[in-house]
Amino acid sequence: MKKKTWLLTLLTIFMVISTACGGSGGGSGAAGGEVNLDDVEAASSDLKDDTTPIKIQYWHAHGDAQLEGLNYMIAEFQKKYPHITVEPVFQGGYPDLHKKLSAAVAANDVPAVTNVEVASLANFADSGVFADLGPWIKRDEVKMDDFSQGMINAYAYNGQQFGFPLIVSTSVFVYNKTMLDELGVEPPQTWDEIEDFNAKVAKQEGGKTTRYAFSVPGWDTWYYDPWNINGGGAILTEDLSASAVENEDSLRYIQNFYKWLNDGSIHMGFGKGASDNMRQMFLSGEIAMVQHSSALLKMYLENADFEVGVSFIPGDKMRTSNIGGAGIVMMNGAEDLEKEAAWKFIEFMTSAEENIKWAESVGYLPTRKSAIESEEGKQYFERWPQYSAVFEHFDEVTPRMQHPAYPEFSEVYKEVIGEMILNQKDPAPLMQEAAKKINDILADYE
């Protein structure tokens, strides 16, 4: 997949990647999967115990709300490893961070450790920018099965583990529990239940919808890729060589959206301001249920004047939701001692011991099974019972499509969604045209 240079491809990412949350499994054609460490040579044991003072930079995209938690973690890390100084360097949102990483690689002056947005991992990894963590994982006997399988696989690519999940979200249905209780309905758990849910919840007056049953964001493919997969469809063919978005099973979800939009049952937003508009409509009672990032759950709880519930998105042939947020990775261009320090920082930041405190401080999801099952984890769910809907499906939160061209070709079928929402166009024929454009893009990666 090298016809395009890595730098050109990364520039494509910067132009199209969303700063929201991103994260497909099963029939998605993902190229990640479990990592086999049997043939991996372990990292040097000599460096493991080296206490030579060293300073490393951690480039990140953590916003203001996450800084208190980040500063706490760095302080605790430096208590454990006093010879390692970690300098956190905020580099803006994910697009800005990724752009600066590419410039640093070109200048041969990289940080030791950095965030990477989940949908961009494949492109960077395919370009040799990140270090394979396999040798350190093998040397220190990290219990990889303690992570959610989908979460850890999101940071694997072509049989190598390039990162660990750090700030993880997934899309869920956030619903007005007070309203649904009054109507005597529950959030749909399967596609077969959606029509009945819509009929009981959507409300129309004078031919105009005054209350929508639910809303699906149209502005980011992260939200509807799982609908495609859950319906038995795929984004690419199994060998990743061609588009599959135009196939019969792949069209099922979007044909449903088109029908429900036309009958006034559902709302879909697209374009500038769409996210804020959807939030306000939900909080004012104009939408009973919204699909949104789990990272925003606390915002809804703090602003709603009704009881808020959370439900995993409904399934059909499958039931999955995609991983969003960012991971933590090591730069391949760092010096050996810097890599050792970076590994210790990565392991600490994602450790089971700190997992609940870190997740709660930044508003993202715990990633470790042992942490969730601990006494601290039980107390976490007592404070935040809404998160239980996610963790009942812990291993069904799966990676996004892992292909270097994903950030580019996903924009093509996102345009179809936009045409359907904004111009009421039938998406099925448009998706046939989109498939041709996707195949042209894929041809550049052969």
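**Helix packing and backbone turns in a predicted model**

Gln-424 sits in the loop that joins helix H19, residues 406–423, to helix H20, residues 427–443. I should say at the outset that what we are looking at is a predicted model. The reason I begin with Gln-424 is its backbone: phi is near 55 degrees, a positive value in a residue other than glycine. As a reminder, most residues other than glycine have a negative phi. Gln-424 is also exposed, since its relative accessible area is 51% and the cut-off for exposed is over 50%.

A second case of this kind is Leu-240, which is not a glycine and yet has a positive phi of about 65 degrees. Leu-240 lies in the loop between H10 and helix H11, the latter spanning 248–262. Is Leu-240 buried or exposed? With a relative accessible area of 15%, Leu-240 is buried, because that value falls under the 20% limit.

That brings me to H10 itself, which runs over residues 221–230 and is mostly covered, with 10 of its 10 residues buried. Among those buried residues are Trp-222, Tyr-223, Tyr-224 and Trp-227, together with Asp-225 and Asn-228. At the N-terminal end of H10, Asp-220 acts as a cap, with a side-chain oxygen placed 2.9 Å from the backbone nitrogen of Trp-222. Just beyond the other end, after H10, Gly-232 takes a positive phi of about 95 degrees.

Let me turn now to helix pairs. Two packed helices are described by the angle between their axes and the distance between the axes. For helix H3, residues 64–80, and helix H14, residues 336–349, the axes come within 10 Å and cross at roughly 125 degrees. H3 is therefore oblique to H14, as the angle lies between the perpendicular range, 65 to 115, and the antiparallel range, over 145. The crossing of H3 past H14 is right-handed. On the H3 side the contact involves Leu-70, Met-73, Ile-74, Glu-76, Phe-77 and Lys-80, and on the H14 side Ala-341, Lys-344, Phe-345, Phe-348 and Met-349. Sorted by class, this contact has eight nonpolar residues, three charged ones and no polar ones.

The other pair is helix H15, residues 355–362, with helix H17, residues 375–383, whose axes come within 9 Å and cross at roughly 25 degrees. Because that angle is under 35 degrees, H15 counts as roughly parallel to H17. Here H15 passes H17 in a left-handed crossing. Ile-356, Lys-357 and Glu-360 of H15 meet Glu-376, Gly-377, Tyr-380 and Arg-383 of H17. By class, that contact has four charged, two nonpolar and one polar residue.

Methods. Residues numbered from 1 in each chain as written. Predicted model: local features only at pLDDT ≥ 70, side-chain atom pairs only at ≥ 80, totals over all residues. Heavy atoms only, no water. Axes fitted to C-alpha atoms, helices over the stretch in contact; angles between N-to-C directions. Helix = DSSP H or I, 4+ residues; strand = E, 2+ residues; numbered from the N terminus. Left-handed = near helix turned anticlockwise from the far one by under 90°. Contact = heavy atoms within 4.5 Å. Nonpolar A, V, L, I, M, F, W, Y, C, P; charged D, E, K, R; others polar. Buried < 20%, exposed > 50% of the residue type's maximum accessible area, 1.4 Å probe, protein only. Polar contact = N/O pair within 3.5 Å; in protein donor to acceptor, adjacent residues only side chain to side chain.
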